[in-house]
Structure formats: C-alpha cells, structure tokens
Amino acid sequence: MSTVLMAAKDIDLARLAAAHHGIFTLEHARSVGFTDHEIKQRRSFGSWIRVYECAYRIAGAPVLWRGDLLAACWAGGFRAHASHRSAAALWKLPGGSRVFAEVTCPRWRRARHAGLFVHETKASGPRDVVLVESIPVSTPSRTLLDLGAVRGRRTVELAVEAALHRRIVTLGELREGLRRLGRPG
C-alpha cells in the first residue's frame with residue numbers, strides 16, 4: 001500500500017479523533033480504511049496509545065479529561081454514559097470532579113476496566129442521556145439525582161441551586177425525575 005494512502009488514512013483518523021477530544025475506536029479506524037494488519041502495526045509501533053480496551057489516542061495528542069471521559073463511556077459499552085461526579089463536572093455544577101471517570105451502564109452490562117468508576121442501573125433510559133461536547137452524559141436532572149448518592153446534602157443543594165440559576169433544569173424536571181427514579185435509601 002502506498003505511503004500516500006496510508007498518510008491520508010492517518011489524516012482522516014486524526015480529524016475524526018480531533019472531533020472526539022483526541023479519542024477514537026478501532027471501529028473508527030476501520031471506517032476510514034485501516035486494515036487489521038495496519039491497526040496491529042500502529043498499535044505495536046506505539047503510534048496509537050490504548051486508553052481502554054476499545055479506545056485509543058494518537059501518540060502525541062494531548063491527554064484531555066474530556067477525551068478520557070469519552071473513552072470511559074465507550075469502554076462502558078452500549079448505553080454507557082458519564083454520570084454522577086463526572087457528569088456534574090461536565091455540567092459545571094458543585095460536587096463535580098475530574099479526578100476519575102465515573103460512568104453508568106445498564107444493569108448486567110457493567111464494564112470492568114482499571115481506573116474506571118462504574119455504576120449500574122435498571123432505571124435509566126434514553127431520555128436520561130444527552131450529548132455534551134460529543135460525550136454521552138446524564139441530563140442535568142438525572143445528574144442531580146445521582147449526585148445525591150455520592151455527595152452530601154449541602155453539596156447537592158448547591159448543585160440544584162446552580163442548575164436552577166443557570167436554567168439548565170427546572171423544578172418540574174426535578175420533580176418528574178424524582179417521581180420516576182426516586183428510591184428509598
């Protein structure tokens with residue numbers, strides 16, 4: 001295969017990764033024309049750096065928190081999304097944290113990867129997830145409810161006040177979410 005074609009594929013993949021905070025999957029690589037041999041070659045030469053089993057960063061690309069969080073969502077599998085403290089950080093709410101990636105997966109589909117903090121749920125659906133900067137993340141109302149499981153009352157109160165003040169959530173959305181998702185404990 002000519003060097004020109006290989007360079008064009010690398011450029012296409014770099015553009016795709018740039019749109020996803022520097023992260024891509026093997027499926028992305030295949031979609032721009034990489035063969036299994038070329039994929040193996042780039043992995044073994046260190047041209048692609050594995051973030052999680054299915055997510056990679058191009059060597060030399062900056063390590064970004066959002067990229068690592070997106071990689072964590074992809075590693076979490078089907079319908080995994082940023083949640084709890086990571087979601088609060090994306091929404092720029094009190095109680096958010098960028099220290100580690102925190103994701104939620106559907107029940108019985110829990111991802112197990114080192115450095116990944118994973119929650120499971122049966123009570124989440126597509127209406128509880130939106131895209132923020134190409135990252136699947138729980139909605140503000142769902143984030144606030146989840147935050148109550150990992151942060152203290154005062155922090156959650158501050159987060160609710162901030163979300164209401166910034167108008168990213170309404171009291172009606174919070175009530176509906178609590179009615180639909182609220183559980184004892």
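User: So helices (H or I, at least four residues) and strands (E, at least two) are DSSP runs, numbered from the N terminus. What kind of model is this?

Analyst: This is a predicted model, where local features need pLDDT of at least 70, side-chain atom pairs count only at pLDDT 80 or more, and totals for chains, interfaces and linings use all residues. Residues are numbered from 1 along each chain as its sequence is written, and side-chain values use heavy atoms, leaving out hydrogens and water.

User: Cool. How much space lies in the largest pocket?

Analyst: About 540 Å³. A pocket is an open set of points on a 1 Å grid over the protein atoms alone, where a 1.4 Å probe fits, with protein on both sides within 12 Å along at least five of seven lines; the volume is the space filled by probe spheres set on the points.

User: Which residues lie nearest its centre?

Analyst: Arg142, Leu145, Asp146, Leu181 and Arg183, out of 18 that line the largest pocket; lining means having an atom within 4 Å of a point.

User: And which elements supply them?

Analyst: Strand S6 (116-121), helix H6 (140-150) and helix H8 (171-181) each supply at least two. H6 gives the most, with five residues.

User: Switching topic: what lines the second largest pocket?

Analyst: Leu144, Leu145, Val156, Val160, Leu174, Arg175 and Leu178, around about 160 Å³ of space. Leu145 is also among the residues nearest the centre of the largest pocket.

User: Which helix gives the most there?

Analyst: H8, with three residues. H6 and helix H7 (153-165) each supply at least two residues as well.
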